[in-house]
Amino acid sequence: TEEEFSYIKCMNALFPEVTETRAKRTRSGGADGGGDAKRQATEEREFAYTPGLVAVVEGAAVDAERAKEVREAMGAFGDVKFVEVVADQPLMYVRFSDVAGAAKAVADLKEFEGKPVTVSVM
């Protein structure tokens, strides 16, 4: 569903050959003896990547525990579906429900909590 979105799924959609290699290693008998059914079902489920929905915000040093606050703040640009804060890096991914929200964030967001940020779209 849209609520389960993450940038890792986007990368897997863009570079399926890496995902296939990882899945083969997991299924051939990793530490857990071949993987559990839930992980295999997730790997087999199709994911449709829509360009332009994800805003990449670089320069915002935010703790992952504050993702809900970030989601509310980013709501000023459009309907936010998901926020992923990268631990120990000034980086976060914000998925909007439509391309217009991400485009508005790129155009209007120049600083976050008083620090300059760079915003681009995936």
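How many bridges pair E1 and E3, and in which sense do the two strands run? E1 and E3 pair in the antiparallel sense, over five bridges. That pairing is a good way into this protein, which you see here as a predicted model. The protein has five helices and six strands, and four of the strands form an open sheet. Let's walk through it topic by topic.

**How far to trust the model**

- The mean pLDDT of the protein is 78, and 69% of its residues reach 70 or more.
- Residues 23-32 call for care, with pLDDT under 50 throughout. The model has twelve contacts beyond four places in sequence for this stretch.
- Where pLDDT is low, the predicted coordinates should not be read in detail.

**The overall plan**

- Reading from the N terminus, the elements run α-α-α-β-α-β-β-α-β-β-β.
- Of the 122 residues in the protein, 30% are buried.
- Take the contacts with a separation of 6 or more: residues 24 or more positions apart account for 61% of them.
- The accessible surface comes to about 7,500 Å², and carbon and sulfur atoms hold 53% of that surface.

**The sheet**

- The strand order in the sheet is E2-E3-E1-E6, with antiparallel pairing.
- Strand E2 (80-86) and strand E6 (118-121) stand at the edges; each has a single partner strand, so one side of each lacks a neighbour in the sheet.
- From one strand to the next, the twist averages 20°.
- E2 and strand E3 (residues 91-96) are joined in the antiparallel sense over six bridges. To follow this pairing by eye, find Val86 opposite Leu91 in E3, then Val85 opposite Met92 in E3.
- For E3 and its other pairing with E1, look for Val54, which stands opposite Arg95 in E3.

**Helices against the sheet**

- Helix H4 (residues 67-74) packs on the sheet, where it touches strand E1 (54-58), E2 and E3. The direction of H4 makes about 130° with that of E2.
- Helix H5 (residues 99-108) lies across E3 and E6, and H5 runs at about 150° to E6.

**A closer look at E3**

- Is E3 mostly covered or mostly uncovered? E3 is mostly covered, with six of its six residues buried.
- In a regular strand the side chains alternate between the two faces of the sheet.
- In E3, Leu91, Tyr93 and Arg95 are on one side, while Met92, Val94 and Phe96 are on the other. Residues on both faces are buried.
- Phe96 touches many residues beyond four places away in sequence, including Leu53, Ala55, Met74, Phe77, Val80 and Ala105.

**The nonpolar cores**

- In soluble globular proteins, nonpolar side chains tend to be buried together.
- The largest nonpolar core here has 19 residues. Val57, Met74, Val94, Phe96 and Phe112 have the most contacts inside that core.
- E1, H4, E2, E3 and H5 each supply at least two residues of this largest core.
- Apart from the largest core lies another, of seven residues, among them Cys10, Val54, Tyr93 and Met122.

**From one part of the chain to another**

- Met11 is found in helix H1 (residues 7-14).
- Met11 and Met122 are 111 residues apart along the chain, and their C-alpha atoms are separated by 9.9 Å.
- Is Met11 buried, partly exposed or exposed? The relative accessible area of Met11 is 31%, so Met11 counts as partly exposed.

**Two residues with a positive phi**

- Most residues other than glycine have a negative phi, and most peptide bonds are trans.
- Asp88 has a positive phi, near 60°, although Asp88 is not a glycine. Asp88 belongs to the hairpin of E2 and E3, which has four residues between the strands.
- With a relative accessible area of 85%, Asp88 is exposed.
- Glu113 also has a positive phi, near 55°, in a residue other than glycine. You will find Glu113 in the loop between strand E4 (111-112) and strand E5 (115-116).
- Glu113 is partly exposed, with a relative accessible area of 48%.

Technical notes
Residues are numbered from 1 along each chain as its sequence is written. This is a predicted model: local features need pLDDT of at least 70, side-chain atom pairs count only at pLDDT 80 or more; totals for chains, interfaces and linings use all residues. Side-chain values use heavy atoms; hydrogens and water are left out. pLDDT is the predictor's confidence in each residue, from 0 to 100. Contact means heavy atoms within 4.5 Å. Two strands pair if DSSP finds at least two bridges between them. Axes are lines fitted to C-alpha atoms, for helices over the stretch in contact, and angles run from 0 to 180 degrees between N-to-C directions. Buried means under 20% relative accessible area, exposed over 50%, partly exposed in between (1.4 Å probe, protein chains only). Accessible areas come from the Shrake-Rupley method with a 1.4 Å probe; for residues, only the protein chains shown count as cover. A nonpolar core is a set of buried Ala, Val, Leu, Ile, Met, Phe, Trp, Tyr and Cys residues joined through side-chain atoms within 4.5 Å.
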